[in-house]
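User: Got a minute to look at a structure with me? I'd like to know how it's put together before I go back to the bench.

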Amino acid sequence: MKKPVILLLLIILSTAVSQAQDMIFPAIQGYGGVNPVPFETEKPDPSKQYKFVIELGNKLADKNQVAGMLDYTARMYNLHRYAGVPKENIELAIVVYAGSTPMVMANPTYSKRFEQVNPNRALLDELLRNGIQVIVCGQSMMKQDLLPEDIYPGVRMAVSRFTATTDLIEKGYQVFIL
């Protein structure tokens, strides 16, 4: 009886590993993996302009690992690129606030507060390299005693999450809240 259960578990595990190995990273390398979908019938129009802002405010579950919601934003970008939308037709902004603010701390500040380097630094570099705006809420910075030099290089600072997001909405961005 034990052998069939173990065999079934091994088959399930090998299928999951195989699927994970098949993931691709069309733009943001190493993050936001996409499963190829060879049977797709619905695709975005590559000639259209896609503008979206993603708000990240949830408390980080594990400060020792890359933030899952930040990786998910990379996936949203990679999905559009995989679907054939060129880089110049995608404008993505990430607004970080509240409990998510630590993900955009500079390494010295992160190390001082959490006794390790910021595990999100390579992903932040990839996002910024791909022209993705990363914006942190100034109100959240103030509440967490963060100064501009405490924020990861390249991350922009807004008065607040609300002012950053409403400004982006006025510029035609669609909002996603994770």
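Analyst: Let's go through the chain as a whole, then the sheet, then a couple of loop residues.

User: Sure. What kind of model is this, and what's the mean pLDDT of the chain?

Analyst: It's a predicted model. The mean pLDDT of the chain is 91, and 88% of its residues reach 70 or more. The stretch at residues 13-19 falls below 50, and beyond near neighbours in sequence it has one contact in the model.

User: How should I read the coordinates where pLDDT is low?

Analyst: Not in detail, as far as predicted coordinates go.

User: Okay. How many helices and strands does the chain have?

Analyst: Six helices and five strands. Going along the sequence, the pattern reads α-β-α-β-α-α-β-α-β-α-β.

User: And what order do the strands take in the sheet?

Analyst: S4-S3-S2-S1-S5, in an open sheet of five strands with parallel pairing. S4 and S5 (174-177) are the edge strands, each pairing on one side only. From one strand to the next, the twist averages 25 degrees.

User: Which helix packs on the sheet and touches S1, S2, S3, S4 and S5?

Analyst: That's H6, residues 161-170. Its direction makes about 165 degrees with that of S2.

User: Let's stay with S2. Is that strand largely enclosed or open?

Analyst: Largely enclosed by the rest of the structure, because six of the seven residues of S2 (residues 90-96) are buried.

User: What does S2 pair with?

Analyst: One partner is S1 (residues 50-56), which pairs with S2 in the parallel sense over seven bridges. In that pairing, Phe52 stands opposite Leu92 in S2. S3 (residues 133-137) is another partner, running parallel to S2 and joined to it by four bridges. There, Val96 stands opposite Val136 in S3.

User: What unit do S1, H2 and S2 make?

Analyst: A right-handed β-α-β unit, with H2 covering residues 68-82.

User: Switching topic: which way does phi usually go for residues other than glycine?

Analyst: Most of them have a negative phi.

User: So what's up with Glu115 and its phi?

Analyst: Glu115 isn't a glycine, but its phi is positive, at about 60 degrees. You'll find Glu115 in the loop between H3 (107-114) and H4 (121-129).

User: Is Glu115 buried or exposed?

Analyst: Exposed, because its relative accessibility is 75% and the cut-off for exposed is over 50%.

User: And what about the phi of Asp145?

Analyst: Asp145 also has a positive phi, about 55 degrees, without being a glycine. Its place is the loop between H5 (138-143) and S4 (156-158). Asp145 counts as exposed, with a relative accessible area of 63%.

User: Back to the whole chain. What share of the residues counts as buried?

Analyst: 40% of the 178 residues. The accessible surface of the chain comes to about 10,200 Å², and 59% of that belongs to carbon and sulfur atoms.

User: Last one: among contacts between residues at least 6 apart in sequence, what share joins residues at least 24 apart?

Analyst: 71% of them do.

Notes: Residues are numbered from 1 along each chain as its sequence is written. This is a predicted model: local features need pLDDT of at least 70, side-chain atom pairs count only at pLDDT 80 or more; totals for chains, interfaces and linings use all residues. Side-chain values use heavy atoms; hydrogens and water are left out. Buried means under 20% relative accessible area, exposed over 50%, partly exposed in between (1.4 Å probe, protein chains only). Helices (H or I, at least four residues) and strands (E, at least two) are DSSP runs, numbered from the N terminus. Two strands pair if DSSP finds at least two bridges between them. A crossover is right-handed if, with the strands pointing away from the viewer, the path from the first strand over the helix to the second runs clockwise. pLDDT is the predictor's confidence in each residue, from 0 to 100. Contact means heavy atoms within 4.5 Å. Axes are lines fitted to C-alpha atoms, for helices over the stretch in contact, and angles run from 0 to 180 degrees between N-to-C directions. Accessible areas come from the Shrake-Rupley method with a 1.4 Å probe; for residues, only the protein chains shown count as cover.
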